[in-house]
Amino acid sequence: MRMETDRLVLRPWRVDDDGDIDALYRYASDPLIGPSAAWPVHRSREDSAQAIRGVLSEPETYAVVLKARREPVGSIGLKPLSAIIDPSEEENRDALEIGYCIGSSYWGRGLIPEAARALLRHAFLDLGMQSVWGTHDVANVQSSRVMDKLGMGVVRTRGHVHLALLGDIYRDETIRRITVEQWSRDTRSRAAETV
Ligand SMILES: CC(C)(COP(=O)(O)OP(=O)(O)OC[C@H]1O[C@@H](n2cnc3c(N)ncnc32)[C@H](O)[C@@H]1OP(=O)(O)O)[C@@H](O)C(=O)NCCC(=O)NCCS
């Protein structure tokens, strides 16, 4: 699957592609990125190659490619709900969880909201999801702003969540969601505003 927005192409990561490995290593070796998203800083190019072969090859995971640069500058995806969300049976039905990050030199240009809007559209219209969830550290203002812009409301918070990939680290997490009904309503009202 490939998606296109004004400034971006979302496409699968390319396993064993030197360009993709270098592009991932450039931002994933920056301590400002991984730990905020609950994964460790990449210490070597091999860490990045392994991530592309592993977690970034999972279904519905996309490289965020800036058209102007023709290389990945971030990543975005939809995955099964994490244990942090601890969903009820009802909440778990036709639901996926969004995750994203982008290199710090691209912050603040609205690129992840642009990518995420395309991904939400795909989740609801192509994949038939009933809801898309997201979680972020309560102190992660940047991610919180992205989810505000996407119309993802706060459902609950969970204290003292163990972030296993980071070792002995615990954080309080905000848990958010947008349902297909909310998304359709927001999409209709945005379309009406532009008429
Ligand atoms: C969260 C993240 C994906 C946001 O992506 P983005 O494309 O920069 O999103 P936006 O342009 O909408 O900016 C979001 C907010 O970041 C903040 N921000 C903008 N530029 C910034 C900068 N240079 N430095 C720090 N914060 C900045 C602002 O609060 C902004 O909100 P605003 O537009 O209301 O002012 C990005 O900051 C990131 O990759 N962070 C590290 C990984 C991470 O936290 N992932 C999410 C885990 S839940």
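**Notes on the fold and the ligand shell**

1. Of the 195 residues in the protein chain, buried residues make up 35%. The model under discussion is predicted, and the points below should be read with that in mind.

2. The protein chain contains five helices and eight strands, and along the sequence these elements follow the pattern β-β-α-α-β-β-β-α-β-α-β-β-α. The radius of gyration of the protein chain is 16 Å, close to the 16 Å that the globule rule gives for 195 residues, so the chain is as compact as a globular protein of that length.

3. As for overall extent, the C-alpha atoms of the protein chain fill a box of roughly 45 × 40 × 25 Å when this is taken along the principal axes. Among the contacts in the protein chain with a separation of 6 or more, 64% are between residues that stand 24 or more positions apart.

4. Turning to the ligand, 21 residues surround it, and the closest of these are S36, G108, I112, Q142 and R145. By class, the shell around the ligand is made up of eleven nonpolar, seven polar and three charged residues.

5. Which elements each supply at least two residues of the shell around the ligand? They are the strand β5 (95–102) and the helices α3 (111–126) and α4 (141–149). The largest share of the shell comes from α4, which provides six residues, and the positions of Q142 and R145, named among the closest to the ligand, fall within the 141–149 range of that helix.

Terms used. Residues are numbered from 1 along each chain as its sequence is written. This is a predicted model: local features need pLDDT of at least 70, side-chain atom pairs count only at pLDDT 80 or more; totals for chains, interfaces and linings use all residues. Helices (H or I, at least four residues) and strands (E, at least two) are DSSP runs, numbered from the N terminus. The radius of gyration is taken over C-alpha atoms; the globule rule is 2.2 Å times the number of residues to the power 0.38. A residue is buried if 20 or more other C-beta atoms lie within 10 Å of its own, exposed if 12 or fewer, and partly exposed in between; C-beta atoms are placed from the backbone. Two residues are in contact if their C-beta atoms, placed from the backbone, lie within 7 Å. A residue is near a molecule or strand if its C-beta atom, placed from the backbone, lies within 6 Å of it. Ala, Val, Leu, Ile, Met, Phe, Trp, Tyr, Cys and Pro count as nonpolar, Asp, Glu, Lys and Arg as charged, and the others, Gly among them, as polar.
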